[in-house]
Amino acid sequence: MDFTLNADEREIQSLARDFARREIVPVAAEYDERAVFPHAVVEKARNLQLMNLGVPVEYEGSGLGALAIAVVAEELAWGCAGIAACILLNDLVALPLLLTGTSGQRAKYLSLLADGFGSYALTEPDAGSDAAAIGSLAARTAGGYRLTGRKTWISHAPEATFFVVFAKTDPAAGSRGISAFLVDRDLPGVSVAKPLPKTGQRASSAAEVTFTDVLLPREALLGAEGEGFTLAMRVFDRSRPMVAAFGVGVAQRALDEAVGYATRREAFGRKIKSHQGIGFKLAEMGMRAEAARLLTHKAAWQVDAGQPNTLEAAYAKAFAADSAMWAAIEAVQVFGGYGYSQEYPVEKLMRDAKVLQIYEGTSEIQRTIMVRQLTGG
Ligand SMILES: Cc1cc2nc3c(=O)[nH]c(=O)nc-3n(C[C@H](O)[C@H](O)[C@H](O)COP(=O)(O)OP(=O)(O)OC[C@H]3O[C@@H](n4cnc5c(N)ncnc54)[C@H](O)[C@@H]3O)c2cc1C
């Protein structure tokens, strides 16, 4: 078994690592405090080809695989998970197009990602984990569909020029009645609310989007009618390794900050790292960060190898998110009172980590997926 990254992966890792230290770390606290989308940083990343990594080269992407994306996601999230999400979310939005888009749909919408942003709109005010319970409706018309519904927590909706929207085309058919649509933001009836105030990852935006009698042409249908739910689940298998990698980045940063502090700070005449209660925290943080990284790389590698990875993607996502949250809390503890101050970076890690246990399927939902996969039902 070979654990080394290939030359392309090492090159993009080094670029992302350097970018995180030079361009993200110095401004992360400021964007977090102001809670504004970091356009300047994101455009620098776009110019360095750190965006749209999984988009084929013919559509101005980098044509890289899931493992390369995970490697970049870890490095950028080490700098700031919120800014990392701003840079990498287009790669999630590209997935349904890559999985099931027609050549015309890919040409139009992947090109929009090259210059801008897209959003992935599944969650609704009354349906998050239970995605099959969405109430948005796409009723057939003579020329296509009439879309009505309300989506919430849609990342980058304020910046997006289009949305991948999941809606029911056959409400009586449950999850098999859901279809996916490509919806241009400038269509009449599309309305984006102001960004929701958030606890963490505050540089990244999320907002409600309302669709009121939006008339869609037939070509807006992504994939076949009734295949939207399956498509959403296939997207999750491919995107969860990236979100897991955000967790690895946060967990690693928490470890690095804690190690740095514990080797400087003294109490009772000794460096605090030599008090076993603190030293063991560092050991545990290192162990969990590395285990999360290995789970993440395996789940991503499976995507690139064309292997089913539903179970491993759930393992990686839940373990990495839970490890990031745990490590960030422990890092705050290692810093003592200073850990609770906004003048040190670890309280932000704690706020940024929390949402990793919620979006892209909560940690509980990952465990329900594991149980289903392990027991076959
Ligand atoms: C910052 C942010 C960005 C987001 N970005 C997007 C986006 O871009 N696109 C998008 O579509 N959505 C997005 N979401 C929504 C996110 O995916 C949902 O919040 C998440 O799936 C949980 O859904 P919910 O909030 O409705 O919680 P609920 O589904 O109501 O869950 C509430 C609690 O019950 C638990 N629970 C529910 N069902 C079960 C069960 N069967 N077993 C055990 N526990 C269960 C959950 O784990 C959770 O703890 C985002 C959310 C946030 C906070």
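**Reading a predicted model, feature by feature**

Trainee: Let's start with strands. Which residue of β7 does Ser-155 stand opposite?

Mentor: Ser-155 stands opposite Ala-206 in β7. Keep in mind as we go that this is a predicted model. The pair belongs to a longer match: β3 and strand β7 (residues 206-217) pair in the antiparallel sense over nine bridges.

Trainee: In which sense does β6 pair with β7, and over how many bridges?

Mentor: Strand β6 (residues 190-192) pairs with β7 in the antiparallel sense, over three bridges. If you want one pair to click on, Phe-211 in β7 is the bridge partner of Val-190.

Trainee: And what about β5? Which strand pairs with β5 over seven bridges?

Mentor: That's strand β4 (residues 162-168), again antiparallel. Strand β8 (residues 221-222) also pairs with β5 in the antiparallel sense, over two bridges. Ala-180 shows both partnerships: Phe-166 stands opposite Ala-180, and Ala-180 in turn stands opposite Leu-222 in β8. Here's the general idea for looking at a strand: in a regular strand the side chains alternate between the two faces of the sheet.

Trainee: Is β5 mostly covered or mostly open?

Mentor: Mostly covered. Six of the seven residues in β5 (residues 178-184) are buried.

Trainee: How do I judge burial for one residue? Take Pro-241: buried or exposed?

Mentor: Count C-beta neighbours. A residue is buried if 20 or more other C-beta atoms lie within 10 Å of its own, and exposed if 12 or fewer do. Pro-241 counts as buried because it has 30 C-beta neighbours inside 10 Å. You'll find Pro-241 in helix α6 (residues 228-264). Leaving out residues up to four places away in sequence, Pro-241 touches Ala-66, Ala-70, Thr-296, Ala-299, Ala-300, Val-303, Ala-313 and Ala-316. The last of these is a nice example of folding bringing distant positions together: Pro-241 and Ala-316 are 75 residues apart along the chain, yet their C-alpha atoms are separated by 6.6 Å.

Trainee: Now a contrasting case. Why does Asp-126 count as exposed?

Mentor: Because Asp-126 has 11 other C-beta atoms within 10 Å. Asp-126 is placed in the loop between β1 and β2 (137-140). The C-alpha atoms of Asp-126 and Ala-291 are separated by 35 Å, with their positions 165 residues apart along the chain.

Trainee: How do I read the backbone angle phi?

Mentor: Most residues other than glycine have a negative phi, and most peptide bonds are trans. Asn-52 has a positive phi of about 50° although it is not a glycine. Asn-52 sits in the loop between α2 (39-47) and α3, and Asn-52 is buried because 24 other C-beta atoms lie within 10 Å.

Trainee: What about Glu-360: what is its phi?

Mentor: Near 65°, a positive value in a residue other than glycine. Glu-360 lies in the loop between α9 (346-354) and α10. With 23 other C-beta atoms within 10 Å, Glu-360 counts as buried.

Trainee: Let's zoom out. How is the chain divided into domains?

Mentor: The domain assignment gives domain 1 (7-115), domain 2 (118-226) and domain 3 (229-375). The centres of domain 1 and domain 3, taken over C-alpha atoms, are separated by 20 Å. At their contact, 23 residues of domain 1 meet 22 residues of domain 3. On the domain 1 side, the elements giving two or more residues are α1 (7-34), α3 (66-79) and α4 (81-100). By class, that side has 16 nonpolar, three polar and four charged residues.

Trainee: Which residues touch the most other members of the largest nonpolar core?

Mentor: Of its 129 residues, those are Ala-73, Leu-76, Ile-83, Ala-84, Phe-181, Ala-254 and Ala-328. Helix α6 gives the largest share of this core, 18 residues. For Ala-254, the contacts beyond four places in sequence are Met-285, Ala-327, Ala-328, Ala-331, Val-346 and Leu-349.

Trainee: Last one, the ligand. Which residues come nearest?

Mentor: Of the 19 residues around the ligand, the nearest are Thr-123, Gly-128, Ser-129, Ser-155 and Thr-362. The elements giving two or more residues to this shell are β1 (118-121), β3 (144-155) and α10 (363-375). Domain 2 and domain 3 each supply at least three of the shell's residues. By class, the shell has ten nonpolar, seven polar and two charged residues. And notice where we've come back to: Ser-155, among the nearest to the ligand, is the residue opposite Ala-206 in β7.

Methods
Residues are numbered from 1 along each chain as its sequence is written. This is a predicted model: local features need pLDDT of at least 70, side-chain atom pairs count only at pLDDT 80 or more; totals for chains, interfaces and linings use all residues. A residue is near a molecule or strand if its C-beta atom, placed from the backbone, lies within 6 Å of it. Helices (H or I, at least four residues) and strands (E, at least two) are DSSP runs, numbered from the N terminus. Ala, Val, Leu, Ile, Met, Phe, Trp, Tyr, Cys and Pro count as nonpolar, Asp, Glu, Lys and Arg as charged, and the others, Gly among them, as polar. Domain bounds come from an automatic or database domain assignment. Two residues are in contact if their C-beta atoms, placed from the backbone, lie within 7 Å. Two strands pair if DSSP finds at least two bridges between them. A nonpolar core is a set of buried Ala, Val, Leu, Ile, Met, Phe, Trp, Tyr and Cys residues joined through C-beta atoms within 7 Å.
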